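Trainee: Please look closely at a single part of this model, the surroundings of the ligand, and explain each term as you use it.

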Amino acid sequence: FRTNSAGLADVKERTLIAVKPDGVQRRLVGQIIRRFEQRGFKLVGLKMLQVSEGLLAQHYCQLTQKPFYSSLVEYMTSGPVVVMVWEGHNVVQSSRVMVGATNPAAAPAGTVRGDFSLHVSRNVVHASDSLEGAQREIQLWFQGKELVEWDCWDQTLTCEK
Ligand code: UDP
């Protein structure tokens with residue numbers, strides 16, 4: 001276990017996961033949620049929305065100068081997204097592994113992108129790529145009151161206290 005300064009497993013780590021418009025259209029929301037639930041992570045925020053270009057520009061602020069940015073905007077605003085906050089030990093890094101490489105061609109079978117997508121421009125899901133990125137994205141997409149603090153009774157079975 002990675003531990004925090006108090007020597008406790010870091011069960012409060014959070015990340016932002018989004019099912020992109022292609023994933024929503026293809027009815028993959030349930031399957032994607034199921035993977036995070038069955039791994040043992042705790043859902044603390046969930047909503048569906050039509051993304052604005054402004055929010056997207058903030059979310060993808062490091063990509064706005066990339067040649068694919070305008071097609072990325074078109075894709076991400078083509079329909080609703082389902083955005084979630086998941087909590088648990090090492091959730092940022094583990095989610096990236098579960099989601100797979102940005103380009104689905106390089107994503108192994110068993111990952112979300114490796115199982116459900118073919119092309120980098122339609123890769124079904126977003127997952128924060130670092131602790132700092134996760135914090136920034138959660139603040140961007142959710143208001144504090146939209147995140148729910150709750151005790152998941154089986155947490156002592158999936159993590160050492
Ligand atoms: N993307 C794209 N073409 C590219 C690279 C990225 O359309 O050549 C899109 C793709 O949807 C990707 C998103 O831009 O998920 C953000 O790219 P990033 O490099 O941040 O990858 P991610 O963190 O999503 O794996």
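Mentor: In sorting the residues, Ala, Val, Leu, Ile, Met, Phe, Trp, Tyr, Cys and Pro count as nonpolar, Asp, Glu, Lys and Arg as charged, and the others, Gly among them, as polar. On that basis the shell around the ligand divides into five nonpolar, three polar and three charged residues. The model is predicted, so local features need pLDDT of at least 70 and side-chain atom pairs pLDDT 80 or more, while totals for chains, interfaces and linings use all residues. Residues are numbered from 1 along each chain as its sequence is written, and side-chain values use heavy atoms, leaving out hydrogens and water.

The shell (a heavy atom within 4 Å of the ligand) consists of Lys20, Tyr60, Leu63, Phe68, Leu72, Arg96, Thr102, Arg113, Val120, Ser121 and Asn123. Among these residues, Thr102 places a polar side-chain atom 2.5 Å from an oxygen atom of the ligand, a polar contact being a pair of N or O atoms within 3.5 Å. The side chain of Lys20 has an N or O atom 2.8 Å from a ligand oxygen, and for the side chain of Asn123 the corresponding distance to a ligand oxygen is 2.8 Å. Taken alone, the ligand exposes 510 Å², of which the protein buries 78% (Shrake-Rupley method, 1.4 Å probe).

The UniProt entry, which is unreviewed, lists Lys20, Phe68, Arg96, Thr102, Arg113 and Asn123 under "binding site", although such annotations may be inferred rather than shown by experiment.

Key. A polar contact is a pair of N or O atoms within 3.5 Å; within protein, one must be able to donate a hydrogen and the other to accept it, and residues adjacent in sequence count only if both atoms are side-chain atoms.
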